[in-house]
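Biologist: I would like a close look at one part of this model. Please start from a single strand pairing and work outward to whatever packs around it.

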Amino acid sequence: MSQEPWQPDEPGKREMLRMLQYETIFVTDPNLAEDEVDELVKGVDHLAASAKGKILKVEKWGKRRLAYTVDRREEGIYVLLVLEIPTDMVKELDRRYRMNDRILRHLTVRVENEAQLGPSPMMKPRPAEREDLPVEPAAAL
Amino acid sequence: MRMRRSEAGGGGRDRGGKKQFKKKFLFRKKKFCKFCDEKIKFIDYKDLRLLQAFTPERAKIFPRRISGTCSKHQRKLMQAIKRARTLALIPFTSD
């Protein structure tokens, strides 16, 4: 992630902008080393800090098999972040993700539910041990 | 002599038809929305186990008419599935 300072769309409006919680996931090249991934996280942290935002949660899912091939890669390293940033920074974050060719896929969404602030389902034990899910549909026919 | 309405011919056959119809669908369970039942308000796109239950075999979204999901939850489910697809967490298709 580049380190250049970020300018809000209209500097005068800075005070009026709301800080909101966002959840962002990015998938990187599987060949990146651990510290290179940390570097990316630090880049986001740096960007958030430049507008008095902060990172609330970092969750590294590690290397996962992709559901389909992306840029001839079968695997990717998943990183989930929960941020508190001004609303207009989402666009900038998105732009930086797109510019970075080590990032294969990314998504930024608003935090709609407090469940998103806690550990995600990925961090829960294996599916077989879970009982909080509805049973398989389809049985209706 | 005038015939009373109930004694008119043809009524018996109609009732028989209704009976047959009833018999055919007697053992079909009433469908219901799993999310309303379990009081799930938020459908997380990271919950792959849940999403996979609604994207069987060919990874297509399970239709409402079969799963019985209510329209409100089907919309949320659709949103979650599409988010998971863009992140390559679940496939768009599979054969």
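Modeller: T28(A) has its bridge partner in β3(A), and that partner is I77(A). Keep in mind that the model is predicted. The bridge belongs to a longer ladder: β1(A) and β3(A) pair in the antiparallel sense over 10 bridges.

Now widen the view to the sheet. Four strands of chain A form an open sheet, in the order β2-β3-β1-β4. The pairing is antiparallel. β2 (54-70) and β4 of chain A are the edge strands, each pairing on one side only. From one strand to the next, the twist averages 20°. A helix covers part of this sheet. α1(A) lies across β1, β2 and β3 of chain A, and its direction makes an angle of about 20° with β3(A).

Next, the other side of T28(A). L104(A) sits in strand β4 of chain A. In sequence, L104(A) and T28(A) are 76 residues apart. In space, their C-alpha atoms are 5.4 Å apart. L104(A) counts as buried because it has 20 C-beta neighbours inside 10 Å. Neighbours within four places in sequence aside, L104(A) is in contact with V27(A), T28(A) and D29(A). Its other contacts on that count are V70(A), D71(A), R73(A) and G76(A).

V27(A) deserves its own look. Again leaving aside neighbours within four places in sequence, V27(A) is in contact with G76(A), I77(A) and Y78(A). It is also in contact with I103(A), L104(A) and R105(A). Two further contacts are in chain B: L87(B) and A88(B).

That leads to the core. The largest nonpolar core has 33 residues. V27(A) is among those with the most contacts inside it, along with V79(A), L51(B), A80(B), I81(B) and A84(B). Several elements each supply at least two residues of this core. From chain A these are β1 (19-28), α1 (34-49), β3 (73-86), α2 (89-99) and β4 (103-110). From chain B they are α3 (48-53) and α5 (71-86). β3(A) gives the most, with seven residues. In soluble globular proteins, nonpolar side chains tend to be buried together.

The two chains also meet over a wider set of residues. There, 25 residues of chain B are in contact with 24 residues of chain A. On the chain B side, α2 (34-38), α3, α4 (64-67) and α5 each supply at least two residues. The largest share of that side, three residues, comes from α3(B). By type, the side of chain B that touches chain A divides into 13 nonpolar, three polar and nine charged residues.

Finally, the chains as wholes. Chain A has two helices and four strands. Along the sequence, its pattern is β-α-β-β-α-β. Of its 141 residues, 20% count as buried. Among chain A contacts between residues at least 6 apart in sequence, 78% join residues at least 24 apart. Chain B has five helices and zero strands. From the N terminus on, its elements run α-α-α-α-α. Buried residues make up 25% of its 95 residues. Of the contacts in chain B with a separation of 6 or more, 71% come from residues 24 or more positions apart.

Note on methods. Residues are numbered from 1 along each chain as its sequence is written. Chains are lettered from A and ligands numbered from 1 in the order in which they are written. This is a predicted model: local features need pLDDT of at least 70, side-chain atom pairs count only at pLDDT 80 or more; totals for chains, interfaces and linings use all residues. A nonpolar core is a set of buried Ala, Val, Leu, Ile, Met, Phe, Trp, Tyr and Cys residues joined through C-beta atoms within 7 Å. A residue is buried if 20 or more other C-beta atoms lie within 10 Å of its own, exposed if 12 or fewer, and partly exposed in between; C-beta atoms are placed from the backbone. Two residues are in contact if their C-beta atoms, placed from the backbone, lie within 7 Å. Ala, Val, Leu, Ile, Met, Phe, Trp, Tyr, Cys and Pro count as nonpolar, Asp, Glu, Lys and Arg as charged, and the others, Gly among them, as polar. Two strands pair if DSSP finds at least two bridges between them. Axes are lines fitted to C-alpha atoms, for helices over the stretch in contact, and angles run from 0 to 180 degrees between N-to-C directions.
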